[in-house]
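Biologist: Could you take me through one part of this model at close range? I would like to hear about a single strand and its surroundings.

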Amino acid sequence: MVSAPQKLSGGRLVLVVGPSGAGKDTLIDRARAVLEPTGRVVFVQRIVTRAASAFEDNQTVSETDFDVALAAGAYALSWRAHGLSYAIPASIDREIAAGRAVVANVSRGIIAAARRRYADVVVVLVTAPPDVLAARLAARARPSDGAIADRLKRAEVVFDDPWQPDIVIDNSGSPGDGARQLIAAIQGVAATVES
């Protein structure tokens, strides 16, 4: 009988998910400014086959370079969405093994894969009402976002097991309010890792 592969453990992986326009990157940026200097929390830069913008922080690669790196095992998690390729670098494995909390902005579609790979995964859903999402998407006017109506339709997807979020943040108010909630959630996760 073949045994299941052992999950990576030591630290905790915090996956921040949510619909386009929910403000995930804004909240993550604010949390990074507060928590990264502690050395207990690592914020991961995504690899994306789209140029970075004022609305997100990512490492840009070509589709060809992405595919080469994927084949070489350079990514811990990868997915396709909106006609683009996304990944989280394999370097997070070292951080998890060292006992740190690792925070990454990902697609909810890879939650199941992350839970199979890592022993301790916390999913934080950042969301907002449809009218708020629509206004934010219209304001950012990024062509690669596609049709706003299509993005809002995808936001309606109900989370089923194993995609249930552990923490839900309603980010319909000020970015400061949402950031405080995310910071508190990550601090709770980091404290649990240390204890």
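Modeller: Happy to! Let's take strand 6, whose two faces are both covered: L84, Y86 and I88 are buried on one side, and S85, A87 and P89 are buried on the other. Please keep in mind that this is a predicted model. In a regular strand, side chains alternate between the two faces of the sheet. Counted along the strand, six of the six residues of strand 6 are buried, where buried means under 20% relative accessible area.

Now for the surroundings. Strand 6 belongs to an open sheet of four strands with mixed pairing, in the order 4-3-6-5. The edges are taken by strand 4 (58-60) and strand 5 (75-81), each with a single partner strand, so one side of each has no neighbour in the sheet. From one strand to the next, the twist averages 25°.

On one flank, strand 5 runs antiparallel to strand 6, and six bridges join the two. Within this pair, Y75 stands opposite P89. The two strands form a hairpin with two residues between them, and H82 in that turn has a positive phi of about 55°.

On the other flank, strand 3 (residues 46-48) is also antiparallel to strand 6 (residues 84-89), with two bridges joining them. Here Y86 of strand 6 has V48 opposite.

Finally, there is a helix to add to the picture: helix 2 (residues 63-71) lies across strand 3, strand 5 and strand 6, and runs at about 140° to strand 5.

Methods:
Residues numbered from 1 in each chain as written. Predicted model: local features only at pLDDT ≥ 70, side-chain atom pairs only at ≥ 80, totals over all residues. Heavy atoms only, no water. Pairing = 2+ DSSP bridges. Axes fitted to C-alpha atoms, helices over the stretch in contact; angles between N-to-C directions. Contact = heavy atoms within 4.5 Å. Buried < 20%, exposed > 50% of the residue type's maximum accessible area, 1.4 Å probe, protein only.
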